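I opened this model to look up its metal sites and one loop position. My entries follow in the order in which I made them.

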Amino acid sequence: MVSIKSTREIDLMRKTCDLAKLTLEFLGEHVKAGVSTEKINQLTHDFIVEHNAYPSPLNYRGFPKSVCTSLNQVICHGIPTEKEVLSDGDIINIDVTTYLNKFHGDTNKTFFVGQASDSTIRLVETTYSAMLAGIKCVRPGGRLGDIGAAIQEIVEGAGYSVVREYCGHGIGREFHEDPQVLHYGNRGTGIELKPGMTFTIEPMVNEGSAGCRLLKDDWTVVTRDDSLSAQFEHTILVTPAGYEILTLRDEEDQSLRLG
Ligand code: MF3
Ligand code: CO
Ligand code: CO
């Protein structure tokens, strides 16, 4: 069942999403060579708690930390550790989810550590463009498949692959609600979008083939062929006119907020 948020619930979604966005902006100041992913975890935890909220990942289905940190060939759900230290040329996805006033807000970004190679920059920029193309399909009367098709076209057109095993999701009182938002598919298929729906769009894009593998920790998902993987995520509200990006950061083009 896909929940439709009331005006009051939408206001609370705006607040939690604003905190998630602020947290990700704050963490960006700390992404540099020499920093451990455990340090990023501690910074995330303290920042969210200081803002009277709870980091949704912590103890979610047994996840042991307050944020997901996914380095290079890690697709998603990387677990921060003291031993894992950022180096120049790495890419790292930081995925922040906040629980504030009973509502979750979810957003992630792939950061460059120092200078990346041209091919890595192209992967990350394509992933961001694919997420945006998906977002721009959101409007009442549109269908979920429109989003997936737009993302798949951009990713495959650039010679990359869309990860199939993980998808975007409805979000609100629950971290993961209906519907599932696939990052591939066919236009005109899937459920019809309605004002008041809130969901994430969060394509994971592999430089090589789409396959993935779950590590023995039962969380960390890596590319099967050891190629790089990038991801971006926003929480989106379906509005009467189209969409609102609830987690838009200050560094992003502000004209994207409402479509
Ligand atoms: N934030 C992730 C998402 O975008 C989910 C992480 S689940 C966790 O859906 F348990 F690993 F935190
Ligand atoms: Co999500
Ligand atoms: Co997320």
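I began with the two metals: the cobalt ion (ligand 2) and the cobalt ion (ligand 3) lie 3.3 Å apart, and Asp 106 coordinates both. I note that this is a predicted model, and that the values below are computed from it.

Entry on ligand 2. I listed the protein atoms around the cobalt ion (ligand 2) and found Asp 106 (OD), His 169 (NE2), Glu 202 (OE) and Glu 233 (OE), at 2.0 to 2.2 Å. Along the chain these donors are spaced as D-x62-H-x32-E-x30-E. I then looked up where two of them sit: His 169 is in strand β7 (residues 168-170), while Glu 202 is in the loop between β9 (198-201) and β10 (204-206), so this pair ties together parts that are 33 residues apart in sequence. I checked accessibility as well, and both His 169 and Glu 202 are buried. For the geometry I read angles of 52 to 163° among six donor atoms, and I recorded the site of ligand 2 as irregular.

Entry on ligand 3. Which residues supply the protein donors of the cobalt ion (ligand 3)? I found Asp 95 (OD) listed twice, together with Asp 106 (OD) and Glu 233 (OE), and the distances run from 2.1 to 2.4 Å. The angles among the six donor atoms of ligand 3 span 58 to 170°, and this site too is irregular. The spacing of its donors along the chain reads D-x10-D-x126-E. Asp 95 belongs to strand β4 (residues 91-100) and Glu 233 to the loop between β13 (229-231) and β14 (234-238), so the two tie together parts that are 138 residues apart in sequence. I have Asp 95 down as buried, and Glu 233 likewise.

Entry on Pro 140. I moved on to the loop between α3 (118-135) and α4 (144-157), where Pro 140 is placed. Is Pro 140 buried, exposed or partly exposed? Its relative accessibility is 25%, so I entered Pro 140 as partly exposed. I took its distance to the shared ligand residue: from Pro 140 to Asp 106 is 22 Å, C-alpha to C-alpha, with their positions 34 residues apart in sequence. Setting aside neighbours within four places in sequence, I listed the contacts of Pro 140 as Leu 193, Pro 195, Val 238, Thr 239, Pro 240, Ala 241 and Gly 242. One of these, Val 238, falls in β14 (234-238).

Note on methods: Residues are numbered from 1 along each chain as its sequence is written. Chains are lettered from A and ligands numbered from 1 in the order in which they are written. This is a predicted model: local features need pLDDT of at least 70, side-chain atom pairs count only at pLDDT 80 or more; totals for chains, interfaces and linings use all residues. Side-chain values use heavy atoms; hydrogens and water are left out. Donors are N, O and S atoms within 2.8 Å of the metal (3.2 Å for Na, K and Ca); water is not among the atoms, so sites may look incomplete. Four donors count as tetrahedral if all angles lie between 85 and 135 degrees; four count as square planar and six as octahedral if opposite donors are over 155 degrees apart and all others between 65 and 115; anything else is irregular. Helices (H or I, at least four residues) and strands (E, at least two) are DSSP runs, numbered from the N terminus. Buried means under 20% relative accessible area, exposed over 50%, partly exposed in between (1.4 Å probe, protein chains only). Contact means heavy atoms within 4.5 Å.
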